[in-house]
Amino acid sequence: FVLAEAGVRAARDVARARGAALHTRERLLTWRADGSGVEVVTDRGRYRADRLVLTLGSWSQRLLGPLPFALT
């Protein structure tokens, strides 16, 4: 079995080591994918990136709604 908090810490540490920018405790307002990447707007700022990882947990359905593509 995996202890949830330890698993989250390990994933966070690996992501940071590989160059990910983590923005925690920010409220997602909008996001959109376009041909050149992804734009995310939160209550703290606007970000652009090549890729986006959302860790929404139980909020996923409510925040994303039905999508015209598959998430992996």
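Buried residues account for 14% of the 72 residues in the chain, where buried means under 20% relative accessible area. The model is predicted, and its C-alpha trace spans about 35 × 25 × 25 Å along the principal axes.

The secondary structure consists of two helices and three strands. Followed along the sequence, these elements give the pattern α-β-β-β-α, with a helix at either end of the series and the strands in between.

The helix α1 covers residues 4-17. It has 14 residues and reaches 20 Å from its first C-alpha to its last, which is close to the 20 Å expected at 1.5 Å a residue. An α-helix has 3.6 residues a turn, so residues three or four places apart point the same way. After α1 comes Gly19, whose phi is positive, near 100 degrees.

The three strands form an open sheet in the order β1-β2-β3, and their pairing is antiparallel. The edge strands of this sheet are β1 (28-34) and β3, each of which pairs on one side only. On average, neighbouring strands are turned by 15 degrees against each other when direction is ignored. In general, strands of a sheet pair through backbone hydrogen bonds, either parallel or antiparallel. Here β1 and β2 pair in the antiparallel sense over six bridges. Arg32 stands opposite Glu39 in β2.

The remaining topic is the empty space at the protein surface and the residues around it. Rolling a probe the size of a water molecule over the atoms shows where empty space is left. The largest pocket holds about 1500 Å³ of space. It is lined by 33 residues, and those closest to its centre are Leu22, His23, Val53, Leu54 and Thr55.

Which elements supply at least two residues each to the lining of the largest pocket? They are α1, β2 (37-42), β3 (46-49) and α2 (60-64). Both helices and two of the strands are thus represented in this lining. The largest share, six residues, comes from α1. In chemical character, the lining residues divide into 17 nonpolar, seven polar and nine charged.

Taken together, the elements of the α-β-β-β-α pattern can be traced from the helix α1, through the antiparallel sheet β1-β2-β3, to α2 at residues 60-64. The helix α1 also provides the largest share of the lining of the largest pocket, to which β2, β3 and α2 each supply at least two residues.

Methods:
Residues are numbered from 1 along each chain as its sequence is written. This is a predicted model: local features need pLDDT of at least 70, side-chain atom pairs count only at pLDDT 80 or more; totals for chains, interfaces and linings use all residues. Side-chain values use heavy atoms; hydrogens and water are left out. On a 1 Å grid over the protein atoms alone, a cavity is a set of points where a 1.4 Å probe fits but cannot get out, and a pocket is an open set with protein on both sides within 12 Å along at least five of seven lines; lining residues have an atom within 4 Å of a point. Grid points are joined across faces, edges and corners, and a volume is the space filled by probe spheres set on the points. Helices (H or I, at least four residues) and strands (E, at least two) are DSSP runs, numbered from the N terminus. Ala, Val, Leu, Ile, Met, Phe, Trp, Tyr, Cys and Pro count as nonpolar, Asp, Glu, Lys and Arg as charged, and the others, Gly among them, as polar. The expected span of a helix is 1.5 Å times one less than its number of residues. Two strands pair if DSSP finds at least two bridges between them. Axes are lines fitted to C-alpha atoms, for helices over the stretch in contact, and angles run from 0 to 180 degrees between N-to-C directions. Buried means under 20% relative accessible area, exposed over 50%, partly exposed in between (1.4 Å probe, protein chains only).
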